[in-house]
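Thanks for sharing this one. Here are my notes, point by point, to read alongside the model.

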Amino acid sequence: MTEPGKGDAVQDEYPTSDPNAVLLPQPTAWPLVLALGISLIMAGMVTNVAVGILGLLLSVAGSFGWFFQVLPHEAHESVPVTGEEIRSVSTRTLMEREHRHPESATPRKILPVETFRITTGIRGGIAGGIAMIVPATIFSLLKYHSIWYAMNLLAAGGFVSWAGASDTFLSQFHLQGLLAGLLIHGLTSLLVGLLYGAMLPMFPRYPIVTAGFMAPLLFTGILYSALGIVSPILNQRIDWFWFIMSQIAFGLVCGFVVNLQTRVRTPQFQALPFAVRAGLHSDQDERTHQTPTNTDEKGISK
Amino acid sequence: MATHAPVTDSVVNSAPRRLVLEVLHDWVTTVDHKKIGLMYIGYALIFLVIAGFEALLMRVQLSIPNNHFVSPQVFNQLFTMHGTTMVFFVGMPVLFGFGNYLIPLMIGARDMAFPRLNAFSFWIASFGGLLLYFSYLGGSGLYGAGSAPDVGWFAYAPLTAHVFSPGHSTDYWTLAILLSGIGSIGTALNIVTTIICMRCPGMKLNRMPLLVWLYLVMSCLVFVTVSPLTAAQIMLMLDRYLGSHFFDTQAGGSAVLWMHFFWIFGHPEVYVLILPSFAFANEIIPVYSRKAIFGYPAMVAASVGIGFISLSVWAHHMFTVGMGAGANTFFTLATMIISVPTGIKIFNWLATLWGGKIHFTASMMFAVGFLFQFLIAGLTGIMLSVAPFDWQLSASYFVVAHFHYVLVGAILFILFAAFYYWYPKMTGRLLSEKLGKWHFWIFLIGFHLTFDFMHIPGLEGMPRRIYTYEADRGWMMWNMIVSSGAIFQTIGTLLFVYNMVWSFIKGPIAGPDPWDAWTLEWSTTSPPPHYNFAIIPTVESRRPLWDLKHPDDPDSHYE
Ligand code: HEM
Ligand SMILES: [Cu+2]
């Protein structure tokens, strides 16, 4: 990222020769007068013309007053700097830490040094979405002898006019159905992947377990109870056995893909000693995958 | 870095008491972002009490069937004024107030970019509120009909047409909102400019506190949403006085047009209110978990994403007008998609809490309440986003329960958290933790009594905005419970007000940095001097105060 907008402007705008004073904008009532004027113009519309005229006068006066506050030169007042220096210290940790853990170099616990990128979840979602097609197609073939049935059924969720469609209709090829089905399926897979990617850093250890079983389980549970409301058409015809099969296919492939990805090193990696970074020493005791913490109070009993 | 600042206990003013008039003059003419922020907050709190009182009256009226505590006309005015006030004259100003106060301090600046515009925006918005309430006196207009506005907070056409709403009550509503809109645009412009141009050296965009990021997104949303609202209000005025027919179905206009205009404002508006709430959570949760926020870049991306998506969901408020299957499907999907970035945020907050050493101060307790309640509110929102489900429940008490779960359970809770967290910075004194915890528990009970049970009469078909109901509907017990919760909430709020007043006089001195926090506002005195920082700070990481406190292990090594 670039470095826009460094705020030196603050100092340049109010230069001061006196180190013990700061120039600040001068207080003024003109903005208040203008605001009152405009409000009275509005109020004049619902009360009496006289109120409106008063508002107009105040607005003109307020505008002029305001102009002269800033033109030709912005009006400033000089505020003396008073008082003493304050120092920011952390009362809670600093002293105690030096006391009890003189050897510990950092007051913080290291975050997971490795984690997954959020894009990992998206990739998993895409791969899982593709994998899901296999059981869905098998189901269509076995039950309706057409590879299009599952796709059309999904699309029917979006087309009110397909609500009463027959099984034969849904078994035929429809370009519309293909496109809508692909869109719904693709978008959902992507989003589930994204959500999963956001959750990954919290469960970095066994993604295949969370993705393969937990996620489909949760997802199916929610859908099972909600589908009747979300898409009654789908609900009437859905075959739960095959539906769950395709969910699990999604989860397993998604988890597998996530597992394949290398973990990225978080910036915290740099904080490890050189020997660890070079791979000479283990960093096992520093790694805390389950508890992504860098609390500043770890190891300090208060 | 160290800053010059007055001695801490200068809070105790030893100078001879200045004349009241002089103090008043100071406040009226001020262009200081801190004073303006405080005025915004104070003004919002006054309206909070007023609109809260209106809600109480409504709950009394509805607590038993066939009640005639207020008249039907007054009831219509009550819900209109309550909604309008809470959205435009409580929610917006209190959030703008915190933004005004905190943004310059957090980015190491001495004031907002346009200090005079800042004062102007505050005053014009506050006059808007006064004008709205003046309608109680002047609303009858020439015809002697009506008084306060009674057309509901979204003022659907054709109810607002001159034939159905004679007199001036609707005009007061229109003009008040126009004025408040001018103020909102002014302050939003100021916030965006300040964030872009006034950051201290080293404060790159990716080092800004998340609060600042969220206010940036929120202000951009204000630009795009207040404009259609203003346009619609002007069209309504033209309809009412100059004989145009924008919303007049009899003459070829369209009532649905108003709905589109209103909700294209209205939905993003609710995000204008929730984004600053996220902002507070982003600052409060890490500090009391003693950990840096988890997933900063993802949080920024999610916030910007929410900003964009929230612009494409407005018609989920219009499923019942018969938009057709295509539009219904689109708005259902768009609404559901918003749960993705929102989910990312919730996960990141949980990950921040996870393994942290959590300090359960009153502020943190409210923040945890926010997390939990926001989650539930989001879930009822997703339920409502499903068109066929919404056909059953639109305009029922289920919807009322949904949005109050967000507005009270999430926004008000995190606002209370923000008060407990920043009050010491603003006044120099700590709020009482003990009273704060009482406040939390009492308010929590009241909230759940009222708004959990409000879902049920909604599911049983109780429409919103009804004046009273028959005893045989089965809604009686639920309404009784809902109303009794309001009592607890009132007691909790009174405790809070008492705490603020008492602590202002007697509270323990806070010192510059009572929470051992990491953002720049804690590096100066409490309250900060007029100029904020004697020396403009330079920052090297997202947590400049961490770097100061731990020079041997600065954050800049890690980012
Ligand atoms: C995940 C997020 C959310 C979803 C999916 C959602 C969904 C919905 C839907 C579908 C409705 C329309 C119900 C109807 O009128 O039939 C609605 C109403 C409403 N929502 Fe939400 N919502 C969400 C978050 C929020 C937030 C964050 C706020 C406020 C800050 C909010 C405030 C409101 C309000 C004020 C209304 C009702 C407006 C009225 O009719 O007067 N919602 N919501
Ligand atoms: Cu909405």
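The points below deal with the surroundings of ligand 1.

1. A word on ground rules first: this is a predicted model, where local features need pLDDT of at least 70 and side-chain atom pairs count only at pLDDT 80 or more, while totals for chains, interfaces and linings use all residues. Residues are numbered from 1 along each chain as its sequence is written, chains are lettered from A and ligands numbered from 1 in the order written, and side-chain values use heavy atoms, without hydrogens and water.

2. Start at the metal. The iron atom of ligand 1 has a single protein donor, NE2 of H402(B), at 2.2 Å. Donors here are N, O and S atoms within 2.8 Å of the metal (3.2 Å for Na, K and Ca); water is not among the atoms, so sites may look incomplete. The copper ion (ligand 2) is 4.4 Å from that iron atom.

3. H402(B) sits in helix α13 (residues 397-427) of chain B; helices are DSSP runs of H or I, at least four residues long, numbered from the N terminus. With five residues, α13(B) contributes the most to the shell around ligand 1. In chain B, α7 (255-289), α11 (362-384) and α13 each supply at least two shell residues.

4. The shell holds 23 residues, the closest including W153(B) and H402(B); a residue counts if one of its heavy atoms lies within 4 Å.

5. Oxygen atoms of ligand 1 have polar side-chain partners (N or O pairs within 3.5 Å): D390(B) at 2.5 Å, R464(B) at 2.7 Å and S394(B) at 2.8 Å.

Technical notes: Polar contact = N/O pair within 3.5 Å; in protein donor to acceptor, adjacent residues only side chain to side chain.
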